[in-house]
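Reader: Could you walk me through this model, beginning with how the strands pair?

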Amino acid sequence: MYIPNFAYDDRGKDIEWVWNVQPLDKIFWKTWKPKLNNVKIIGLTDKKECARLQKEIWESVIESEHPKKEKLTGMYKQRGYKWEQLEELLSMSLRQAQEVKKLRLVEAM
């Protein structure tokens, strides 16, 4: 059976690694979220170096394939704010925010 090898650039040195999962088809599933122990480094004997690289590779895969979604909570979620609107309001002074709120109320009428 063919097991795809991957390469990771660690400070100019190529490190080979593979996914350690059964069945191997899991790596192509959209719903599969890899765990840290699913990354297997090939050719390294130093345990600390291997663990560091394993964590770096796993974090980069998780960050690119499963990005963390920013969710609004509390009163901001209930009022229906969008994240961009909230950032805009937080960056304004209180007086500016009140004026913008008044303008939006007038526009809504």
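Author: In β3, K40 is the bridge partner of V18, and E16 stands opposite I42 of β3. This is a predicted model, where local features need pLDDT of at least 70, side-chain atom pairs count only at pLDDT 80 or more, and totals for chains, interfaces and linings use all residues. Residues are numbered from 1 along each chain as its sequence is written, and side-chain values use heavy atoms, with hydrogens and water left out.

Reader: In what sense do β2 and β3 pair, and over how many bridges?

Author: Strand β2 (residues 13–19) pairs with β3 in the antiparallel sense over 4 bridges; strands here are DSSP runs of E with at least two residues, helices are runs of H or I with at least four, both numbered from the N terminus, and two strands pair if DSSP finds at least two bridges between them.

Reader: What is the strand order in the sheet?

Author: The open sheet of 3 strands runs β1-β2-β3 with antiparallel pairing. β1 (6–10) and β3 are the edges, each having a single partner strand, so one side of each is left without a neighbour in the sheet.

Reader: And along β3, which side chains are buried?

Author: V39 and I41 point to one face and are buried, while K40 and I42 point to the other and are not; buried means under 20% relative accessible area, exposed over 50% and partly exposed in between, with a 1.4 Å probe and protein chains only.

Reader: Changing topic, which element gives the most to the lining of the second largest pocket?

Author: That is α1, with 3 residues. A pocket is an open set of points on a 1 Å grid over the protein atoms alone, where a 1.4 Å probe fits, with protein on both sides within 12 Å along at least five of seven lines, and lining residues have an atom within 4 Å of a point.
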